Number of protein chains: 2
Amino acid sequence: MVFTLKDMSFKAGMHMKITAKTKPGCEAFSINIGHDADSIALHFNPRFNAMGDSNVIVCNSNQGGWGAEHREPCFPFQQGEEFKLDINFNNDTFYIELPGGTMMSFPNRFGDDVFKHMHVVGDVKIISLKVK
Amino acid sequence: MVFTLKDMSFKAGMHMKITAKTKPGCEAFSINIGHDADSIALHFNPRFNAMGDSNVIVCNSNQGGWGAEHREPCFPFQQGEEFKLDINFNNDTFYIELPGGTMMSFPNRFGDDVFKHMHVVGDVKIISLKVK
């Protein structure tokens, strides 16, 4: 885990803006938003080359076990490059603005309108984070 | 611990800009920069009402034990209020721009020019963080 943010107030309607940089040779990383490290409403997992996948974003949720995977074909990430993400949600859907401006979404299976926990795992460095 | 950032690259000459908000009734919080959770070059610890202190910033370092405390009389923090900090350093000194613009400093007793670990403890929420 390279980054953990606990006890935040990420509420429906707010934006989480993340600037980060993948490491050279990055295989995968994930950004996880939920209630704690095991209760994850949004697992956002770009895979350059991991788990048998290449260049795909896999999203999922975990409430006592992983749910159905959502696979996003758009993959605007490069190894060793800086990127920005903007995550917004309501109690129905997470909206993620990918680098370059393409939007994707993932269902908010928890239906909650506030999340207090966020952690990042993998071959990535966080440069800036803003929740507002 | 409300916030942890591992494997960052906070290098001499860079700025760490933090926007955060103290909780109502905040007694104290600390921002800690170093090599890991136990090796802390800068322990920045505003105390509203804690450890027998009121309205003072206590700074220290920890290398197998706490060093000599540095106490800063300027205390531009309020309970329940948002604030900004800007931390910059070289291998001799940490420079901290306090809310309102007052500068303070604390010796870089480690003498190192890169730190990879940062964690925040106490009655505070991190709103944004940037290392650049």
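1. A good place to start is a pair in chain B: B:D53 and B:R47 are both buried. Their side chains form a salt bridge, with the closest N and O atoms 2.5 Å apart. In chain A, A:R47 and A:D53 belong to a salt-bridge network that also takes in A:E69 and A:R71. Please keep in mind as you read that this is a predicted model.

2. How many salt bridges are there over all chains? The count comes to 12. One of them links A:D7 to B:K23, at 2.4 Å from N to O. This pair joins two chains, because A:D7 sits in the loop between β1 (3–5) and β2 (10–11) of chain A, while B:K23 is in the loop between β3 and β4 (29–36) of chain B. Both partners are partly exposed: A:D7 has a relative accessibility of 23%, and B:K23 has 24%.

3. B:D7 has a partner across the chains too: a salt bridge connects B:D7 with A:K125, and their closest N and O atoms are 3.7 Å apart. A:K125 belongs to strand β13 of chain A and B:D7 to the loop between β1 (3–5) and β2 (10–11) of chain B, so this pair also joins two chains. A:K125 is partly exposed at 22% relative accessibility, and B:D7 is partly exposed at 24%.

4. A:D86 deserves a look of its own. This residue lies in strand β8 (residues 82–89) of chain A. A:D86 is buried but has no salt bridge, and the nearest side chain of opposite charge, A:K17, is 4.1 Å away. That distance falls outside the count because a salt bridge needs the nitrogen and oxygen within 4 Å. What A:D86 does have is a polar contact of 2.7 Å with the side chain of A:H15. Beyond its neighbours within four places in sequence, its contacts include A:M16, A:Y95, A:I96 and A:E97.

5. Now to the largest pocket, which holds about 550 Å³ of space. Its lining is made up of 29 residues, and those nearest the centre are A:S128, A:L129, A:K130, B:S128 and B:K130. Strands β3, β8 and β13 of chain A and β3, β8 and β13 of chain B each supply at least two lining residues.

6. Lastly, two backbone points in chain B. Most residues other than glycine have a negative phi. B:M51, however, has a positive phi of about 55°; this residue lies in the loop between β5 (39–50) and β6 (53–63) and is exposed, at 69% relative accessible area. B:N55 also has a positive phi, near 50°, but is found in strand β6 and is partly exposed at 44%.

Methods: Residues are numbered from 1 along each chain as its sequence is written. Chains are lettered from A and ligands numbered from 1 in the order in which they are written. This is a predicted model: local features need pLDDT of at least 70, side-chain atom pairs count only at pLDDT 80 or more; totals for chains, interfaces and linings use all residues. Side-chain values use heavy atoms; hydrogens and water are left out. Helices (H or I, at least four residues) and strands (E, at least two) are DSSP runs, numbered from the N terminus. Buried means under 20% relative accessible area, exposed over 50%, partly exposed in between (1.4 Å probe, protein chains only). Lys and Arg count as positive and Asp and Glu as negative; His and the chain ends are not counted. A polar contact is a pair of N or O atoms within 3.5 Å; within protein, one must be able to donate a hydrogen and the other to accept it, and residues adjacent in sequence count only if both atoms are side-chain atoms. Contact means heavy atoms within 4.5 Å. On a 1 Å grid over the protein atoms alone, a cavity is a set of points where a 1.4 Å probe fits but cannot get out, and a pocket is an open set with protein on both sides within 12 Å along at least five of seven lines; lining residues have an atom within 4 Å of a point. Grid points are joined across faces, edges and corners, and a volume is the space filled by probe spheres set on the points.
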